[in-house]
Amino acid sequence: MTALRLCPLLLAALLATGCAVGPDFQRPESAAPADWAAWHGGSADLLGAERKAPPNAALGGWAAFGDPLLEQLQARALTQNAELRSAALRFGQSRAMRQITAAQAGPRVGASASVSRQRQSEDGAAMRPIQIIVPPAAQQPIIDAITEPFTLYDAGFDASWELDLWGRVRRSIESADAEQQASAALLRQVQLSIQAEVARRYFELRGAQRQLRIAQEDLWAGSDSLALVQARADGGLVTDLDPVRQRALLAELRARIPALQQQEALALAQITLLLGERPGTLDAQLASSAEPRARALPDLALGLPSELVQRRPDIAVAEARLHAATAQVGVATADLYPRITLGLAGGLESVSASNFGDWGNRDWRIGASLSLPIFDMGRRRGTIQLRDLQQQEAAVAYHQTVLQAWHEVDNALSSYTAEQQRQAQLRERERQSRDALMLAQARYRGGLTDFGVELDAQRTLLAAQREAADSDSRLALGLVAVYKALGV
């Protein structure tokens, strides 16, 4: 009993002197500019007002678009998308793997019980002492007694505990924790990608539907113009050439409609797939008539530049993988050192069921085992070198991820600013083209010009309307890219 009392004290002393070998993880430093305008490549004209303004810590989310239908679609995608469900399952697997790894830190305890009918061999190894010591004439009665069949009752338990003197288990748990964090960040990254992709496809759909409405409205207006021109031609006021040219314009407008319908169908299909629905499920809900009134895009609140590293899930993934790789160096280093395992076993054994539980039938053992690596042809040293190189690779990947994030932000903001400037000019072009058409129509009806002037003015206005509508869609898509780059 004295030895049993000393075991906890000995164990505490050994654990107190244990250490975790290998490098400790240090969170890498990530530089950030004082403001968003400081790190910009390209023309200074693409530095929008948002980047020149003081950083705003309140970064809006997808709700800033003010479109309840878009928010509803994103919410459904977050619960129904197959890729997102797979990412959630991978996160669950990482949690289970962490639990498996953490189990190495505790003791392993098992129990067993058996009942068996046995008989010893007359010429087996157990009979050898009898054949040597007992005279031949007296051996047979003893052999008969020993080889008599009997029933053996046995029950007991055993426990073992490896002392984590060098931190092999602790580093393994540290690595598993980091992998779990990486899996959680990957889940957030997939969520962000799904939300951004739904928004992108949604604005593509609305853009195609708007182009369709413009084409149909122009077709109706062109039909009215054709009736007027035909009436003038029938009255001999103009030649038959004017109605022919107007019909050609109407044919050009009709030819645009199938391509726009295809764009609409493709965007619908992509949204439906993102939501995990069958084709055609969302057609009624996303019909052109259901489109809300055009809304101004939300103000672009960029937040603080230093918060980008904390917001972007891909940076969190790279950091967690660097942490896991660093911990694996310690796991490999710990394999160079000896392992000490404490063991304890006990039980009862009897050849009679009636006295199986008697105290005299007990048996037990307690002790420690030592495993010391001596020679393995450099396998352990090679593993350490491999883990060290993997850690360096993870560090390079982290810094590359951060650098790429800043480039994506700069590119997205520059594209958004460029489209804002382009849109302003296109709006002015549309206003001027409409005024020119009104003037050309008035002059044609007054007989001051031929129909070619009005026709050219119509074509110019149609092109201006299409490009302005396309710019609206591009601006919305540019803002989606900015949100994604910022890790909203």
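Asn81 caps the N-terminal end of helix H4, with a side-chain oxygen 3.0 Å from the backbone nitrogen of Glu83. The model is a predicted one. This briefing covers the cap, helix H4, three paired strands and a cluster of aromatic rings.

**The cap residue, Asn81**
- Asn81 sits in the loop between helix H3 (68–80) and helix H4 (82–102).
- Its relative accessibility is 5%, so Asn81 counts as buried; the cut-off for buried is under 20%.
- Besides the contact with Glu83, the side chain of Asn81 has a polar atom 2.8 Å from the backbone oxygen of Leu274.
- Leaving out residues up to four places away in sequence, Asn81 touches Arg76, Ile194, Leu273 and Leu274.
- Leu274 therefore appears twice: as a residue that Asn81 touches, and through its backbone oxygen, at 2.8 Å from the Asn81 side chain.

**Helix H4**
- H4 has 21 residues, which should span 30 Å at 1.5 Å a residue. The end C-alpha atoms of H4 are 30 Å apart, which agrees.
- Leu84, Ala87, Ser94 and Thr101 are the buried residues of H4.
- These buried residues cover an arc of only 95 degrees around the axis, which means they lie on the same side of H4.
- Leu89, Gln93, Gln99 and Ile100 are exposed on the other side of H4.

**Paired strands**
- Strand E1 (residues 108–118) pairs with strand E2 (residues 150–163) in the antiparallel sense, over 11 bridges.
- Ala111 has Phe157 as its bridge partner in E2.
- E2 is also joined to strand E3 (residues 339–350) by 11 bridges, and these two strands run antiparallel.
- Asp158 has Ala345 as its bridge partner in E3.

**Aromatic rings**
- The structure holds seven aromatic pairs.
- One of them is Trp62 with Phe65, a stacked pair: 6.1 Å centre to centre, 15 degrees between the planes.
- Tyr202 and Phe203 form an edge-to-face pair, because their planes stand at 70 degrees, with ring centres 5.7 Å apart.
- Trp62 is buried, at 7% relative accessible area. Phe65 is buried too, at 6%.
- Tyr202 is buried at 1%, and Phe203 is buried at 13%.
- Ring pairs link Trp62, Phe65, Tyr202, Phe203 and Tyr483 into a cluster.

Note on methods:
Residues numbered from 1 in each chain as written. Predicted model: local features only at pLDDT ≥ 70, side-chain atom pairs only at ≥ 80, totals over all residues. Heavy atoms only, no water. Helix = DSSP H or I, 4+ residues; strand = E, 2+ residues; numbered from the N terminus. Buried < 20%, exposed > 50% of the residue type's maximum accessible area, 1.4 Å probe, protein only. Polar contact = N/O pair within 3.5 Å; in protein donor to acceptor, adjacent residues only side chain to side chain. Contact = heavy atoms within 4.5 Å. Pairing = 2+ DSSP bridges. Expected span 1.5 Å × (residues − 1). Arc of directions from axis to C-beta. Phe/Tyr/Trp six-rings, centres within 6.5 Å; stacked < 30°, edge-to-face > 60°.
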